[in-house]
Amino acid sequence: TAITVYGQYNNFTNAQAGANTDYASYITLANTGALNAASTKTSYGQYISVSSTGATTNASVRTDVFGQFITTTATHASNNGTVNNYLLYLDDGTSSTNGTSSKFGIFLEPMTGADNNLGIYQPSSTQFALMATGNVGIGTTSPGRSIVVASGNVGIGFTTPTAKLDVRGGQTQLEISTQYSQRLCHSGADD
């Protein structure tokens with residue numbers, strides 16, 4: 001038997017023809033109390049914890065657990081104007097300059113405990129993977145080294161590379177660390 005459980009479910013339609021702004025969920029939080037002793041102040045605009053447990057003896061069973069699942073549709077009735085579709089939009093916000101401060105656009109804790117631990121993963125023909133090991137794969141989802149580009153050319157300082165590694169813009173230095181250290185330096189025109 002299939003069971004669907006919602007912790008929160010929002011569904012709405014706005015058919016207004018004029019300019020409008022719609023929020024399926026709008027959250028605002030202000031924590032303005034001062035800390036007078038050594039302690040920690042933590043504020044969550046949204047805190048989500050999802051758990052799915054239970055044993056199965058059927059190898060074909062699949063369990064998908066989403067902390068948050070986002071899908072959007074943005075269309076126009078005619079071929080006019082501009083359509084912007086943001087699945088996730090992170091605004092810069094405001095940070096304090098008092099004391100020591102840090103600002104994180106995206107902060108990922110180490111992914112551990114699974115057969116494949118992926119920080120960021122894009123399964124498609126333009127594969128991208130950021131592994132928990134720190135390895136980055138472009139065109140592959142299983143990079144065995146720090147940076148792996150499975151196919152195509154890589155450009156640094158250049159958007160249309162014509163070689164496997166195309167570096168342009170100012171001084172270029174390549175250092176190869178092997179038993180015999182070698183260094184290649186070039187200083188000249190941008191291309």
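Between which two strands is the loop that holds N135? In this predicted model, N135 is placed in the loop that runs between strand 2 (128-131) and strand 3 (136-138), and the legends below begin with the chain as a whole before returning to that loop.

**Figure 1. Overview of the protein chain, a predicted model with eight strands and zero helices.** Read along the sequence, the elements follow the pattern β-β-β-β-β-β-β-β. Of the 191 residues of the protein chain, 4% count as buried, and the accessible surface comes to about 17,000 Å², with 49% of that surface belonging to carbon and sulfur atoms. Among contacts with a separation of 6 or more, residues 24 or more positions apart account for 0%. The mean pLDDT of the protein chain is 77, and 88% of its residues reach 70 or more. Among the elements, strand 3 has the highest mean pLDDT (81), whereas strand 8 (residues 182-186) has the lowest (57).

**Figure 2. Close-up of N135 in the loop between strand 2 and strand 3.** N135 has a relative accessibility of 14% and therefore counts as buried, the cut-off for that class being under 20% relative accessible area. When its neighbours within four places in sequence are left aside, N135 is in contact with A129 and L130, and also with P143, G144, R145 and S146. Of the strands that flank this loop, strand 2 covers 128-131 and strand 3 covers 136-138.

**Figure 3. Close-up of I120 in strand 1 (residues 118-122).** I120 is partly exposed, with a relative accessible area of 38%. Not counting residues up to four places away in sequence, I120 touches L108, F128, A129 and L130. A129 and L130 also appear among the contacts of N135, which links this view to the one before. The C-alpha atoms of I120 and A132 are separated by 8.9 Å, and these two residues are twelve residues apart along the chain.

**Figure 4. A nonpolar patch on the surface that includes I120.** The patch is formed by I70, L87, L88, L90, I106, L108, M111 and I120, which together have about 710 Å² of accessible area. I120 can belong to such a patch because its relative accessible area of 38% satisfies the requirement of over 30%. L108, another member of the patch, is one of the residues that I120 touches.

**Figure 5. Two of the five aromatic pairs in the structure, Y23 with Y26 and F66 with F69.** A pair of aromatic rings is described by the distance of the centres and the angle of the planes. The ring centres of Y23 and Y26 lie 4.6 Å apart and their planes stand at 70 degrees, so this pair is edge-to-face. Y23 is exposed, with a relative accessible area of 51%, and Y26 is likewise exposed, at 58%. F66 and F69 also form an edge-to-face pair, with 5.1 Å from centre to centre and 75 degrees between the planes. In this second pair, F66 counts as partly exposed at 48% relative accessibility, whereas F69, at 58%, counts as exposed.

**Figure 6. The salt bridge between the side chains of R62 and D64.** Side chains of opposite charge can pair when their charged atoms come close. A search of the whole structure finds two salt bridges, one of which joins R62 and D64 with a distance of 2.9 Å from N to O. R62 counts as exposed, with 68% relative accessibility, while D64, at 44%, counts as partly exposed.

**Figure 7. The salt bridge between the side chains of K103 and D92.** In this pair the distance from N to O is 3.0 Å. Both K103 and D92 lie in the segment before strand 1, so the pair ties together parts that are eleven residues apart in sequence. K103 is partly exposed, with a relative accessible area of 44%, whereas D92 counts as exposed at 55% relative accessibility.

Notes. Residues are numbered from 1 along each chain as its sequence is written. This is a predicted model: local features need pLDDT of at least 70, side-chain atom pairs count only at pLDDT 80 or more; totals for chains, interfaces and linings use all residues. Side-chain values use heavy atoms; hydrogens and water are left out. Patches are made of residues with over 30% relative accessible area and no salt bridge: like charges are joined within 9 Å, nonpolar side chains (Val, Leu, Ile, Met, Phe, Trp, Tyr) within 5 Å. Accessible areas come from the Shrake-Rupley method with a 1.4 Å probe; for residues, only the protein chains shown count as cover. A salt bridge is a side-chain nitrogen of Lys or Arg within 4 Å of a carboxyl oxygen of Asp or Glu. Helices (H or I, at least four residues) and strands (E, at least two) are DSSP runs, numbered from the N terminus. Buried means under 20% relative accessible area, exposed over 50%, partly exposed in between (1.4 Å probe, protein chains only). Rings of Phe, Tyr and Trp (its six-membered ring) pair if their centres lie within 6.5 Å; planes under 30 degrees apart count as stacked, over 60 as edge-to-face and the rest as tilted. Contact means heavy atoms within 4.5 Å. pLDDT is the predictor's confidence in each residue, from 0 to 100.
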